[in-house]
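The following exercises ask the reader to work from an atomic model to statements about helices, buried residues and a pocket. Each task is followed by a solution set out in steps.

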Amino acid sequence: MVIFSLGFISDIHPNLKVLLLSGLIISGTFNIAMLLVHSFLGALAVRLLHVVGDSAYLIAQRIAISNLFTPTRIGGNIGVFNTTTTFGAFVGALMSGIVPGYVYPFVVSGGLSLLGGLIFFFLNPDFSPKH
């Protein structure tokens, strides 16, 4: 449901940079917020808010890919992005076995998301359509 709402918002306000950056910030912040959770309902609320950030990032990623590549290359390039995302999830699952505790893998993931947002902010890429 969230991803459909964000897709509609991106149609109204098509600034991909804002959508991508806000997704990374929301996702990272609520991953780190797991440090403050002491109940099941609190964990559920924080994780649901984290998913809002992930949804914003995924919508912006797909739109950026469709803007940057020709229609004949979009499918393959989305496949490359999905492969690297899946590989990242696999490596993250392996690393969570190394990082002690239940909450700290979330903190590491949130920190990496915020770092990615910071790098993205300073790189300021151009996502205008290329075709």
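## Exercise 1: Two serines

Ser27 has a relative accessibility of 5% and therefore counts as buried. The model examined here is a predicted one.

**Task.** Determine where Ser27 and Ser113 are placed, and state whether Ser113 is buried or exposed.

**Solution.**

Step 1. Ser27 belongs to helix H2, whereas Ser113 lies in helix H5.

Step 2. The relative accessibility of Ser113 is 15%. Buried means under 20%, so Ser113 counts as buried.

Step 3. The contacts are listed without neighbours within four places in sequence. Ser27 is in contact with His50, Gly53, Asp54 and Ser113. For Ser113, the corresponding contacts are Leu24, Ser27 and Gly28.

Step 4. Each serine thus appears in the contact list of its partner.

## Exercise 2: Helix lengths

**Task.** Compare the expected span of H2 with the distance between its end C-alpha atoms, and repeat the comparison for H3.

**Solution.**

Step 1. Helix H2 covers residues 16-32, which is 17 residues. At 1.5 Å a residue, the span should be 24 Å; the end C-alpha atoms are 24 Å apart, so the two values agree.

Step 2. H3 has 29 residues and, by the rule of 1.5 Å a residue, should span 42 Å. Its end C-alpha atoms are 42 Å apart, which agrees.

Step 3. The helix starts are examined next. At the start of H2, a side-chain oxygen of Asn15 comes within 3.2 Å of the backbone nitrogen of Lys17. At the start of H3, a side-chain oxygen of Ser39 lies within 3.1 Å of the backbone nitrogen of Gly42.

Step 4. Buried residues of H2 include Leu16, Leu20, Leu24, Ser27 and Gly28. In H3, the buried residues include Val46, His50, Gly53, Ile59 and Ile65.

## Exercise 3: The largest pocket

**Task.** Which helices each supply at least two residues of the lining of the largest pocket, and which residues are the closest to its centre?

**Solution.**

Step 1. Rolling a probe the size of a water molecule over the atoms shows where empty space is left.

Step 2. The largest pocket has a volume of about 1,100 Å³. It is lined by 32 residues, of which Gly88, Ala89, Ser109, Leu112 and Ser113 are the closest to its centre.

Step 3. At least two lining residues come from each of H2, H3 (40-68), H4 (74-98) and H5 (104-123). H4 gives the largest share, with 10 residues.

Step 4. By residue class, the lining has 16 nonpolar, 14 polar and two charged residues.

## Exercise 4: The whole chain

**Task.** Describe the secondary structure of the protein, then locate Pro129 and state whether Pro129 is buried or exposed.

**Solution.**

Step 1. The protein has five helices and zero strands, which gives the pattern α-α-α-α-α along the sequence.

Step 2. Of its 131 residues, 27% count as buried.

Step 3. Among contacts with a separation of 6 or more, 76% are between residues 24 or more positions apart.

Step 4. Pro129 is in the segment after H5. Its relative accessible area is 54%, and exposed means over 50%, so Pro129 is exposed.

Step 5. Pro129 and Ile63 are separated by 66 residues in sequence, while their C-alpha atoms are 9.7 Å apart in space.

Key. Residues numbered from 1 in each chain as written. Predicted model: local features only at pLDDT ≥ 70, side-chain atom pairs only at ≥ 80, totals over all residues. Heavy atoms only, no water. Helix = DSSP H or I, 4+ residues; strand = E, 2+ residues; numbered from the N terminus. Expected span 1.5 Å × (residues − 1). Buried < 20%, exposed > 50% of the residue type's maximum accessible area, 1.4 Å probe, protein only. Polar contact = N/O pair within 3.5 Å; in protein donor to acceptor, adjacent residues only side chain to side chain. 1 Å grid on protein atoms, 1.4 Å probe; cavity = no way out; pocket = protein on both sides within 12 Å on 5 of 7 lines; lining within 4 Å. Points joined across faces, edges and corners; volume = space filled by probe spheres on them. Nonpolar A, V, L, I, M, F, W, Y, C, P; charged D, E, K, R; others polar. Contact = heavy atoms within 4.5 Å.
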